[in-house]
Amino acid sequence: MSALTWQTFHETDFGPLEEVASMWERQIRTSAEEYEAAIFDDNPVLQADNGEYEGEGADATREYFRRTFDRFMEDLEAAERIKNLLYDGAAWFEGKRKELSDLLAEADLYIRPTGGVGEERFEVVGARDFASPAVVGGSPEVQDQFERMGERAEELTEQFRSLMAEVREYDDELNTQLKAIDDDVPQLEPKLSDPRYGDWAADRLLEQHQDFLDRAEAGEVSPEDVNEWWDSLSDSEQQLFTTEHPEVIGPLDGVPIEYRDQANRELLDDEIGDLEEQIQVLEGQAEEAQGRLDADPSWSTIMGELDTLQERHNGLTDLQDSINEDYQIENGPAIPYYLIDLDSSGDGQAVVSVGNPDTADNVNVYVPGTGAELNDIGGDLHRAETMATDAHEASDRPTASVMWLGYDAPDTVADAVLERYAEGAAADLSRFTDGLRATSEDGPANLTMTGHSYGSTTIGVTAREEGLDVDNMIFVGSPGVGVDSAEDLGIDADNVWASLNEEDMISWARPEMFRVDGDYDRMIHGTDPTSEGFGGNTFISEATRDGAKANHSAYWDKENDIGRMNIANIITGNT
């Protein structure tokens, strides 16, 4: 609290405070003129289109200057607030000092101001002595006079204390406001050569765009909006986001695939490194606990945690090894992999593409079914690779083959009876296809959605619940797709295709097997998409394995060349 005394306040000249405010005003005006000259004059460093200073380094330098100038303007805003506070404070204090002077002028020979902070008062000088009968003989007139003087002193004291309390409160408030401005001024950014510069710039960039990113994470903006936002960033800002905040860019539908791939690979590297550190710690704990098994039963718990971490580590390193080298088509081109999304929580999720969907003429998105998980992703990725090979043989136009394990697939056949897994995937799958549309570089690609087993159910339920912006749908080994007619999928029924080899165990997934009804076209998740009543198209697939269970996974076998080429022709538009 302010310790300002009435004596100090009364004796203070507030003219210099106004002079200081005037100095701030002159400095602000001069600085603003210098700012305008630096920004708007023909400055070869800041002019991006003059042809004299080009390249990534030039762009980064220009942005550094612009950010510095923006910081400069923020400082001018702070200076403007300081100036206004000083002007207002000088005027207010001077007005209150005038009130105090008028109040003190009420004093006379017998009534005098006195007292410290919070104890300001007017006293009647010698009131007790003069009013004493020993001095004045106890005259009633004199006593009345001193009583009136005492009452007047009390009135003045009340005004005195109220005025000084108001002055000290304003003094505290002004001090608080000035200090807040000082605390609010951001630190100068590091120089471009400072090792801390990258982290600083990345954090500042994230802060500037945090509101939009929060809305994107909440699903309040579309992938098209995300793509427009991305295009509004400079090249260096895009790269800074990707390298310094890969956790933001990796899962963001609407960001071009090459940047998502770069971000997710960094996340993959980091997660593998973190797992290796955790495994090393647990191995040490397990070794210590094993030596005292009789007294410490924690060894089995530690080993269970260790097994879980090692299994996840193996799954991630297998994925990393698989995508580090381009996929080589036999007698064809080498096609790079793109890691479009990654989430290792739970059973884990990943989206991997053979080829870049943003530059391909044809894009196929394969959705795996029951049992699919990150730790055992190799088989599903192999199917995407197979479809990339087949598409290359069917067409000379580039095709990207995407493996979309972007959802929690059912773990067991019993779980696959439930539709909730597909419902849980619907929003993400729909948004993913919208993102592919938004980032396609040469106009809309021919986009196909291919689902195997429960993956076909996921596609159909997504189309029913959220809509799927695709050109074709392919269902193989399907237990039903959540609708009873191809027309309910939101695309032309002529572009809906299904296949079921004659020995696939999924044929058993019909209600009559459980004596529900006798409609043989019915399956667990709706009308059989290979039935005539469904209204789509069908194509042949061969049963190439021994046993109904094995044939449920036979659709991408080398021996099923007719089924594979049928899929390839649909994907490449050769129907």
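1. Start with a helix contact. Gln238, Gln239, Thr242 and Thr243 of helix H9 meet Tyr259, Gln262, Ala263 and Glu266 of helix H11. By residue type, this contact divides into two nonpolar, five polar and one charged. H9 covers residues 235-244 and H11 covers residues 257-290. Their axes lie 8 Å apart and make an angle of about 30°. Angles under 35 degrees count as roughly parallel, and H9 and H11 are therefore roughly parallel to each other.

2. A word on confidence. This is a predicted model. The average pLDDT of the chain is 88, and 88% of the residues score at least 70. Residues 129-136 need care: there the pLDDT is below 50. That stretch still has 13 contacts in the model beyond near neighbours in sequence. Where pLDDT is low, the predicted coordinates should not be read in detail.

3. The overall picture comes next. The chain has 575 residues, and 45% of them count as buried. Its secondary structure comes to 18 helices and 14 strands. Take the contacts between residues at least 6 apart in sequence: 68% of them join residues at least 24 apart.

4. Now the sheet. Eight strands form an open sheet in the order S5-S6-S8-S7-S9-S10-S11-S14. The pairing is mixed. Strand S5 (337-343) and strand S14 (537-538) are the edge strands, each pairing on one side only.

5. Begin at the S5 edge. S5 pairs with strand S6 (residues 349-354) in the antiparallel sense, over six bridges. Within this pair, aspartate 343 stands opposite glutamine 349 of S6. Helix H12 (residues 298-324) packs on the sheet here and touches S5 and S6. The direction of H12 makes about 160° with that of S5.

6. Move inward to S8. S6 and S8 are antiparallel partners over five bridges, with serine 353 opposite valine 402 of S8. S7 and S8 run parallel and are joined by five bridges. Tyrosine 366 has methionine 403 of S8 as its bridge partner.

7. Is S8 mostly covered or mostly open? It is mostly covered, with seven of its seven residues buried. Thr399, Ser401, Met403 and Leu405 point one way, while Ala400, Val402 and Trp404 point the other way. Residues of both groups are buried.

8. S10 deserves a similar look. Strand S10 spans residues 472-476, and five of its five residues are buried. Asn472, Ile474 and Val476 lie on one side, with Met473 and Phe475 on the other. Both faces are covered. S10 pairs with strand S9 (residues 446-452) in the parallel sense over five bridges. Threonine 450 stands opposite isoleucine 474 of S10.

9. Which strands does helix H18 touch? H18 (residues 561-571) packs on the sheet and touches strand S7 (362-367), strand S8 (399-405), S9, S10 and strand S11 (496-499). The direction of H18 makes about 165° with that of S10.

10. Arginine 383 is worth finding. This residue lies in helix H13 (residues 378-394). Is arginine 383 buried or exposed? Its relative accessibility is 12%, so arginine 383 counts as buried; the cut-off for buried is under 20%. Leaving aside residues up to four places away in sequence, arginine 383 touches Tyr366, His452, Ser553 and Trp556. Tyr366 appeared above, as the bridge partner of methionine 403 in S8.

11. Aspartate 269 sits in helix H11. With 44% relative accessibility, aspartate 269 counts as partly exposed. Its C-alpha atom is separated by 9.0 Å from that of leucine 316, and the two residues are 47 apart along the chain.

12. Finally, check two backbone angles. Asparagine 331 has a phi near 60°, a positive value in a residue other than glycine. Asparagine 331 lies in the loop between strand S3 (327-328) and strand S4 (334-335). Serine 453 also is not a glycine, and its phi is positive at about 55°. Serine 453 lies in the loop between S9 and helix H16 (454-465). Which of the labels buried and exposed fits each residue? Asparagine 331 is exposed, with a relative accessible area of 79%. Serine 453 is buried, at 8%.

Key:
Residues numbered from 1 in each chain as written. Predicted model: local features only at pLDDT ≥ 70, side-chain atom pairs only at ≥ 80, totals over all residues. Heavy atoms only, no water. pLDDT = per-residue confidence, 0-100. Contact = heavy atoms within 4.5 Å. Axes fitted to C-alpha atoms, helices over the stretch in contact; angles between N-to-C directions. Helix = DSSP H or I, 4+ residues; strand = E, 2+ residues; numbered from the N terminus. Parallel < 35°, antiparallel > 145°, perpendicular 65-115°, else oblique. Nonpolar A, V, L, I, M, F, W, Y, C, P; charged D, E, K, R; others polar. Buried < 20%, exposed > 50% of the residue type's maximum accessible area, 1.4 Å probe, protein only. Pairing = 2+ DSSP bridges.
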